[in-house]
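Reader: I am new to reading protein models. Could you show me how to look at aromatic rings and surface patches?

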Amino acid sequence: MHPAFSVIAFTVSSGAGFGLFMLLVMAHVFGFVTMDRGTIIAGVILGMFLVTAGLLASTTHLANPKNAWRAFFRFRTSWLSREGVFAVLFFPFALLYLLGVYLSDTGSIGFFTKLMGLFGVMLSFATLFSQGMIYGCLKTIKQWNTPLTPTNYILLAFATGALLFNLLLAF
């Protein structure tokens with residue numbers, strides 16, 4: 001099996017971005033780690049950049065990229081459609097969380113900002129699960145056609161996100 005480079009770039013980049021965003025927001029909202037505002041803003045921007053780069057890479061392996069918009073209208077039956085919808089819905093919540101952190105003059109953030117961050121976390125998780133199910137539903141590859149595939153996908157996103165989160169905290 002020889003996957004296209006765009007599929008590998010999409011998987012690694014978007015997984016790392018979503019993983020970083022989820023870990024950073026949960027650590028900030030629940031107070032697990034004390035971070036300054038600049039670190040949070042840099043982490044959220046890095047996560048959103050990685051997600052954007054991954055999603056753009058995913059469009060390069062489509063047979064006809066100009067028809068990619070049609071994938072959004074099969075939400076009830078297609079994991080690819082669910083992934084696209086959840087990924088697009090992620091960005092407004094991430095931006096509202098980022099804006100709330102930016103506008104907070106003290107170390108604490110308001111309830112609305114926390115809520116937007118947690119909605120972003122839920123949409124990140126839903127997007128990762130949908131991406132994992134795209135691969136998990138492939139009956140042609142027996143090793144992937146298992147319920148463990150989405151779980152593995154989510155755990156790898158957390159692992160790469162944790163690596164980036166630790167690097168961010170180190171700097």
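Author: Happy to help; this is a predicted model, and we will go through its aromatic rings and then its surface.

Reader: How many aromatic pairs are there?

Author: Rings count as a pair if their centres lie within 6.5 Å, and by this rule there are eight aromatic pairs. One of them joins Phe21 and Phe90, which sit edge-to-face at 4.9 Å centre to centre, with 85° between the planes. Phe21 belongs to helix α1 (residues 5-29) and Phe90 to helix α3, so this pair ties together parts 69 residues apart in sequence.

Reader: Are Phe21 and Phe90 buried or exposed?

Author: Buried means under 20% relative accessible area. Phe21 has 1%, so it is buried, and Phe90, with 0%, is buried too. Another pair, Phe30 with Phe32, is tilted: 5.9 Å centre to centre and 40° between the planes. Phe32 counts as exposed, at 62% relative accessibility.

Reader: Which residues form an aromatic cluster?

Author: Phe18, Phe21, Phe90, Phe91 and Tyr97 form one cluster.

Reader: What lies over the face of Trp79?

Author: That is Arg82, at 4.4 Å from the ring centre.

Reader: And the surface: which residues make the nonpolar patch?

Author: Leu96, Leu99, Tyr102, Leu103 and Phe112 make a nonpolar surface patch of about 540 Å². Helix α3 (residues 79-103) gives the most to this patch, with four residues. Take Tyr102, which lies in helix α3: exposed means over 50% relative accessible area, and Tyr102 has 55%, so it is exposed.

Technical notes:
Residues are numbered from 1 along each chain as its sequence is written. This is a predicted model: local features need pLDDT of at least 70, side-chain atom pairs count only at pLDDT 80 or more; totals for chains, interfaces and linings use all residues. Side-chain values use heavy atoms; hydrogens and water are left out. Patches are made of residues with over 30% relative accessible area and no salt bridge: like charges are joined within 9 Å, nonpolar side chains (Val, Leu, Ile, Met, Phe, Trp, Tyr) within 5 Å. Accessible areas come from the Shrake-Rupley method with a 1.4 Å probe; for residues, only the protein chains shown count as cover. A salt bridge is a side-chain nitrogen of Lys or Arg within 4 Å of a carboxyl oxygen of Asp or Glu. Helices (H or I, at least four residues) and strands (E, at least two) are DSSP runs, numbered from the N terminus. Buried means under 20% relative accessible area, exposed over 50%, partly exposed in between (1.4 Å probe, protein chains only). Rings of Phe, Tyr and Trp (its six-membered ring) pair if their centres lie within 6.5 Å; planes under 30 degrees apart count as stacked, over 60 as edge-to-face and the rest as tilted. A charge sits over a ring if NZ of Lys or CZ of Arg is within 6 Å of the ring centre and within 35 degrees of the ring normal.
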